[in-house]
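This report describes selected features of one protein model for a reader who has not met it before. The sequence and the structure come first, and the description follows.

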Amino acid sequence: MGTLPDLPVQQLAYAVDDIETAARAHCAAFGSGPYFIFRHVPLTQSTHRGVERAFDHSSAYGQWGEVMVEFVQVHSEQPNAISDLFPDRSAASGLHHTAVFVDDLAAGIAQFEGAGMPLAQLCETATGTRFAFMDATASLGHMIELYEPDDAIRGFYAMVQEASQEWDGTDPLRELGE
């Protein structure tokens, strides 16, 4: 087993059957938010366990203290990194992954694989952001998502965090792109 670098957790992500219900419940229980909803995240590429597969999903992103929280709802029927942990989409509920930033995605994938956490899924968004789900279920019980923190990712994380500052709890769900 290889040694992994000390990478701070940037995000906690939960697989859920309904992102709006989950975001509202988390907001009510913990004061997290507001949540920015991105429906049917457009991907130009998605490979799960070495096979090209559709990965149609929607996410709600909010701030919970110092960390971003994401709720993920899968729409596609094809196997994916979410269904690896939660095969019944209608009953999905639980921590799916933590997200960390790496300087180089290919090198990060190799490091995690060397530490016994194989690549489960590699995707690229329509805007060119690449992310990888590393399978850490044997040791941690969840996936770890890797990103290279480019300007777009850093800007998105900053926007979500800034929206939470001095937020009064109104308008907890906000559609991205509107």
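Thr125 has its place in strand S8; helices (H or I, at least four residues) and strands (E, at least two) are DSSP runs, numbered from the N terminus. With a relative accessible area of 12%, Thr125 is buried, where buried means under 20% relative accessible area, exposed over 50% and partly exposed in between (1.4 Å probe, protein chains only). Neighbours within four places in sequence aside, Thr125 is in contact with Val41, Pro42, Leu43, Thr44 and Phe131, contact meaning heavy atoms within 4.5 Å.

The model is predicted: local features need pLDDT of at least 70 and side-chain atom pairs count only at pLDDT 80 or more, while totals for chains, interfaces and linings use all residues. Residues are numbered from 1 along each chain as its sequence is written, and side-chain values use heavy atoms, with hydrogens and water left out.

**Strand pairing**

Two strands pair if DSSP finds at least two bridges between them. Strand S7 (residues 93-101) pairs with strand S1 (residues 11-16) in the antiparallel sense, over six bridges, and here Ser93 in S7 stands opposite Val16. S7 is also joined by five bridges to strand S10 (residues 142-147), and these two run parallel. In this pairing, Glu145 in S10 stands opposite Ala99.

**The nonpolar core**

A nonpolar core is a set of buried Ala, Val, Leu, Ile, Met, Phe, Trp, Tyr and Cys residues joined through side-chain atoms within 4.5 Å. The largest one has 22 residues, of which Phe55, Ile82, Phe133, Tyr147 and Tyr157 touch the most other members. At least two residues of this core come from each of strand S6 (67-74), helix H2 (81-85), S7, strand S8 (119-125), strand S9 (130-136), S10 and helix H4 (151-164). Residues up to four places away in sequence not counted, Tyr147 touches ten listed partners, among them Ala99, Phe101, Leu105, Phe131, Ile153 and Tyr157. In soluble globular proteins, nonpolar side chains tend to be buried together.

**Helix H4**

The 14 residues of H4 should span 20 Å at 1.5 Å a residue, and the end C-alpha atoms are 20 Å apart, which agrees; the expected span is 1.5 Å times one less than the number of residues. Ile153, Tyr157 and Val160 are buried in H4. These three cover an arc of only 60 degrees around the axis, so they are on the same side of H4; the arc is that of the directions from the helix axis to the C-beta atoms. The cover over the buried residues of H4 includes S1, strand S2 (35-38), strand S5 (57-64), S6, S7 and S10. Asp151, Ala152 and Glu162 are exposed residues on the face turned away from the buried side. At the start of H4, the backbone nitrogen of Ala152 has a side-chain oxygen of Asp150 within 3.2 Å.

**Backbone exceptions**

Most residues other than glycine have a negative phi, and most peptide bonds are trans. Gly33 and Pro34 are joined by a cis peptide bond, with omega about 0 degrees, and Pro34 lies in the loop between helix H1 (19-30) and S2. Glu166, which follows H4, has a positive phi near 60 degrees. Two loop residues with positive phi are set out below.

| Residue | Phi | Loop | Relative accessibility |
|---|---|---|---|
| His40 | near 50 degrees | between S2 and strand S3 (43-48) | 42%, partly exposed |
| Asp171 | near 50 degrees | between H4 and strand S11 (173-175) | 45%, partly exposed |

Key: Polar contact = N/O pair within 3.5 Å; in protein donor to acceptor, adjacent residues only side chain to side chain.
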